[in-house]
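Please open the model in the viewer and display the chain as a cartoon. The tour below proceeds from the whole chain to individual selections.

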Amino acid sequence: MQLVRTGRAHLSRLMKHPVAQNSAALYGVQICRKIFPIVSVPYLARTLLPAGWGTVAFVLSLGELVALMIEFGFNLSATREISRERHNREACRDIMAGVLGAQAMLAVLGVSLALLAAHSITLLKENPHLLLAGLFYAVAQGAAPLWFFQGLERLRLAAALEVAAKAVTLAALFVLVRTPSDAWKVVALQAGAAGFSTVAGIGLALRSFSFRLPTIALVRDAIRRGWPMFVFRSAESLYGVANSFVLGLFAAPAIVGYFAAAEKISKAVFGLLSPVRDALYPRLSYLAASAEREAAKLARIGIALMTAGGAVLSLLLAIAAPWIIRTLAGPGFAPAVPVLRVMAALPLVLSVTYSAGLQWLLPLGRDRDVNRIILSGGILNLAAAFLLAPRFGAMGMAMSVLSAELLVAASMVWVVCRSTSLLEEWLPGRTAALPDMGGAQ
């Protein structure tokens with residue numbers, strides 16, 4: 001009886017832990033994110049057909065690139081700063097003012113560059129509604145204040161906003177999207193959902209710390225702190241968000257549609273592990289500056305959970321690829337099956353990258369090491385894409401993405417093993433090269 005009471009007490013304390021509560025909230029979002037594609041993808045794939053689906057993927061990929069410029073790595077740098085200064089109200093207010101001011105400037109710059117580039121892309125010139133929807137999506141997505149909620153570990157409210165926005169978007173898709181010519185509406189509706197979450201989130205952030213007018217000094221500090229993370233995120237985009245855009249530069253929309261379907265499914269499956277990743281990062285950032293031993297213990301737990309989960313998800317995805325494509329996209333997307341089987345390895349590879357690399361190196365301030373690795377992967381993906389995609393289409397793009405992800409994962413593990421003591425307990429007889437990890441650059 002005493003054992004039962006003790007177990008209940010431990011479980012109660014565990015459930016009250018911020019990491020557990022934030023993970024639960026994020027799993028609610030992930031359930032919503034999985035239900036959304038399960039319900040919407042079969043309808044949209046059959047309504048838009050491969051060419052329409054590829055067009056949507058191309059525009060959303062362009063939007064993600066612009067959003068990347070606006071976000072400027074703040075979801076990592078500002079999360080880390082807010083987490084460390086969470087008990088200093090004035091410091092948090094300064095961080096928020098600097099980030100919001102910087103994002104306003106970056107939004108103007110990003111949209112201007114996208115409009116200039118659109119003049120040389122036929123698909124965008126001939127579809128102004130599609131371009132405008134994509135740019136609205138970019139601004140709304142890029143300015144999302146996720147960094148604020150992550151840094152303070154208040155993810156339940158952010159999760160509720162996203163679930164509400166996605167529910168409305170899902171209903172609107174079935175009402176408004178009827179033919180392949182409605183592709184722009186798909187982008188516009190996703191932009192509307194992102195816009196609602198962003199406006200509401202910024203409002204809540206300002207309510208928490210009150211508004212402070214951005215100054216040149218605050219904006220400059222925010223950009224200075226965000227720059228290393230922007231380099232990291234930009235390099236990551238070369239083999240992450242830009243794949244459909246790059247493929248669309250020299251492949252027909254239908255080919256882009258096959259690749260986009262496989263990529264979307266593989267990354268959605270990896271998204272099942274995102275709540276663990278997103279909940280751990282702010283906690284590790286906080287502990288790395290004050291309790292390194294506790295941080296290492298928590299990081300090892302994260303590695304075990306994410307790697308095991310990634311292995312199971314990759315295996316299931318490879319086995320069930322034909323059924324998944326047939327069920328979600330329809331028989332018209334049969335060429336996407338071998339592409340999905342190649343990309344089925346991504347959940348496992350990405351789980352290693354994030355848990356053994358990013359979740360440990362970034363909280364320790366090892367930004368330069370991370371940037372160097374990510375940039376190498378991005379360059380490899382871009383070079384391989386221009387060599388393989390024109391000849392092998394969607395399959396060539398998939399092979400280039402997987403090659404880049406494997407390089408990044410292996411490099412992350414190598415740096416962690418060579419320069420930190422994180423994995424010492426799992427590598428008997430090994431002594432860390434750099435025992436003092438805090439603040440290493």
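The stops that follow cover the overall chain, one helix position and one surface patch.

This is a predicted model, in which local features need pLDDT of at least 70, side-chain atom pairs count only at pLDDT 80 or more, and totals for chains, interfaces and linings use all residues. Residues are numbered from 1 along each chain as its sequence is written, and side-chain values use heavy atoms, with hydrogens and water left out.

**Whole chain.** Colour by secondary structure: the chain has 17 helices and 0 strands (DSSP runs numbered from the N terminus; helices are H or I of at least four residues, strands E of at least two). Of its 441 residues, 54% are buried (under 20% relative accessible area; exposed is over 50%, partly exposed in between; 1.4 Å probe, protein chains only). Among contacts (heavy atoms within 4.5 Å) between residues at least 6 apart in sequence, 83% join residues at least 24 apart. The chain exposes about 19,200 Å², and 69% of that area comes from carbon and sulfur atoms (Shrake-Rupley method, 1.4 Å probe; for residues, only the protein chains shown count as cover).

**Thr198.** Select helix α9 (residues 183-209), where Thr198 is placed. Is Thr198 buried or exposed? Thr198 is buried, its relative accessible area being 5%. Beyond neighbours within four places in sequence, Thr198 contacts Ala140, Ala143, Ala144 and Pro145.

**Leu113.** Next, select helix α4 (residues 89-118), which contains Leu113. Leu113 is partly exposed, at 42% relative accessible area. Add Leu109 and Leu116: with Leu113 they form a nonpolar surface patch of about 290 Å² accessible area together. Patches comprise residues with over 30% relative accessible area and no salt bridge, joining like charges within 9 Å and nonpolar side chains (Val, Leu, Ile, Met, Phe, Trp, Tyr) within 5 Å; a salt bridge is a side-chain nitrogen of Lys or Arg within 4 Å of a carboxyl oxygen of Asp or Glu.
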